[in-house]
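Please look through the structure below from the outside in. The paragraphs that follow go through its empty spaces, its sheet and a few single residues.

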Amino acid sequence: MRPVLLFLIVLMVFGVPAIRAQDSATLGVEAFLSRYAAVVSGIADYQCRIADWSMLDGEEESRIANFYFQRPRLMRMDIIIGTRFGDNGSRAVYLPSGRVEANMRRIPFPRVLDSDHSLVTTIRGRSLLDTDLIGIQRVLETYMATGSVTLRSDDRSTFFEVEHGDTADSGGLDREVIRFDARSLLPMSADGFKSGALVQHFVFSDYVLNVGLPTELFNVRYDSERLVGEGIPTVVSIAVRDVDLEESRFPAD
């Protein structure tokens with residue numbers, strides 16, 4: 001048998017299943033992204049609790065916050081407690097102009113900043129634009145195009161795992177794992193790794209969906225505690241719990 005013919009037979013027998021497996025995996029990720037996009041498009045407003053910590057160059061920060069979203073893309077984050085100077089009680093609102101208005105407890109007047117300003121991002125550069133469901137959707141789509149993506153599931157969760165070839169496009173991370181609730185597809189956590197070490201951790205909990213948040217909430221001067229008095233279900237009424245402190249690695253007194 002000619003060598004060329006033998007090579008073609010081997011390719012047909014062994015190569016096609018490998019290609020089909022790759023296509024199947026790709027289709028699985030694309031189907032997940034399509035389902036997630038449908039979930040996102042069906043949410044007019046939502047709230048959640050965020051507990052997070054990040055490490056960079058030997059420094060570590062922790063934060064626990066309440067997050068609010070309203071279409072088309074209004075966002076607000078109220079920091080309950082944090083380790084950065086001025087964190088406690090500060091607020092940040094994403095403006096239609098694409099900038100962020102921040103009201104920090106130790107500064108007597110609000111400041112309007114670029115969305116990537118260090119005062120309104122984590123120490124690893126994560127911003128409000130990376131935090132909401134739309135931002136996460138865009139991140140997933142980008143990772144699908146630029147990284148090596150694996151999707152796996154169990155009874156409770158779906159895990160979107162990505163290996164980054166170019167860490168310059170991922171804030172220095174070489175691997176990320178984003179976990180979604182298997183039924184609702186809402187994001188539950190996001191972990192970032194560098195050289196095998198966990199350096200970034202976000203947990204999203206206590207989702208409150210489609211309750212008709214008032215547009216006034218997305219004014220940095222609006223006190224979110226007013227939602228309680230207006231009878232709107234809200235994460236404001238949820239006290240900081242041990243699980244929030246544990247997930248954020250908030251230092252003990």
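**Spaces and strands**

The lining of the largest cavity is made up of seven nonpolar, two polar and three charged residues. This comes from a predicted model, not from an experiment on the protein. The cavity holds about 200 Å³ of space, and a search of the whole structure finds one cavity of 30 Å³ or more. Rolling a probe the size of a water molecule over the atoms shows where empty space is left.

Which residues line the largest cavity? They are Arg-126, Asp-130, Thr-131, Ile-136, Val-139, Tyr-143, Glu-176, Ile-178, Ala-190, Gln-200, Phe-202 and Phe-204. Three elements each supply at least two residues of this lining: the helix α2 (133–146) and the strands β9 (175–181) and β11 (197–209).

To place these elements, step back to the protein as a whole. Its secondary structure comes to four helices and eleven strands. Of its 253 residues, 43% count as buried. Among contacts between residues at least 6 apart in sequence, 50% join residues at least 24 apart.

The next subject is the sheet. Eleven strands form an open sheet with antiparallel pairing, in the order β6-β5-β4-β3-β2-β1-β11-β10-β9-β8-β7. The strands at its edges are β6 (111–114) and β7 (148–153); each has a single partner strand, so one side of each is left without a neighbour in the sheet. From one strand to the next, the twist averages 20 degrees. In a regular strand the side chains alternate between the two faces of the sheet.

The helix α2, met above at the cavity, lies across part of this sheet. Its contacts are with β1, β2, β7, β8 (157–163), β9, β10 (187–194) and β11, and α2 runs at about 130 degrees to β9.

Now follow the sheet inward from its β7 edge. A hairpin of three residues joins β7 to β8, and the two strands run antiparallel with six bridges between them. One pair to find here is Thr-150 and its bridge partner in β8, Glu-161. On to the next strand, seven bridges join β8 to β9, again antiparallel. Here Val-162 stands opposite Glu-176 in β9, and Glu-176 is also one of the residues that line the largest cavity. Is β8 largely enclosed or largely open? Six of its seven residues are buried, so β8 is largely enclosed by the rest of the structure.

Elsewhere in the sheet, strand β1 (residues 45–56) pairs with strand β2 (residues 59–70). These two run antiparallel and are joined by twelve bridges. Gln-47 stands opposite Tyr-68 in β2. Strand β1 is also where Ser-54 is found. A residue is called buried when its relative accessible area is under 20%; Ser-54 has a value of 0%, so it is buried. Which residues does Ser-54 touch, leaving out those up to four places away in sequence? They are Glu-59, Glu-60, Glu-61, Thr-122, Ile-123, Arg-124, Val-199 and Gln-200. Of these, Gln-200 also appears in the lining of the largest cavity.

What remains is the pockets, which are open spaces rather than closed ones. The largest pocket has a volume of about 400 Å³. It is lined by 25 residues, and those nearest its centre are Arg-63, Ile-79, Leu-119, Val-120 and Thr-121. The elements that give two or more residues to this lining are β1, β3 (74–82) and β4 (91–94). By class, the lining has twelve nonpolar, six polar and seven charged residues.

The second largest pocket contains about 290 Å³ of space. Its lining has 17 residues, and the closest to its centre are Asp-78, Ile-79, Gly-89, Arg-91 and Ser-224. Ile-79 was also named among the residues nearest the centre of the largest pocket. Two elements, β2 and β3, give two or more residues to the lining of the second largest pocket. Of all elements, β3 gives the most, with three residues. This lining divides into six nonpolar, five polar and six charged residues.

Conventions: Residues numbered from 1 in each chain as written. Predicted model: local features only at pLDDT ≥ 70, side-chain atom pairs only at ≥ 80, totals over all residues. Heavy atoms only, no water. 1 Å grid on protein atoms, 1.4 Å probe; cavity = no way out; pocket = protein on both sides within 12 Å on 5 of 7 lines; lining within 4 Å. Points joined across faces, edges and corners; volume = space filled by probe spheres on them. Nonpolar A, V, L, I, M, F, W, Y, C, P; charged D, E, K, R; others polar. Pairing = 2+ DSSP bridges. Axes fitted to C-alpha atoms, helices over the stretch in contact; angles between N-to-C directions. Contact = heavy atoms within 4.5 Å. Buried < 20%, exposed > 50% of the residue type's maximum accessible area, 1.4 Å probe, protein only.
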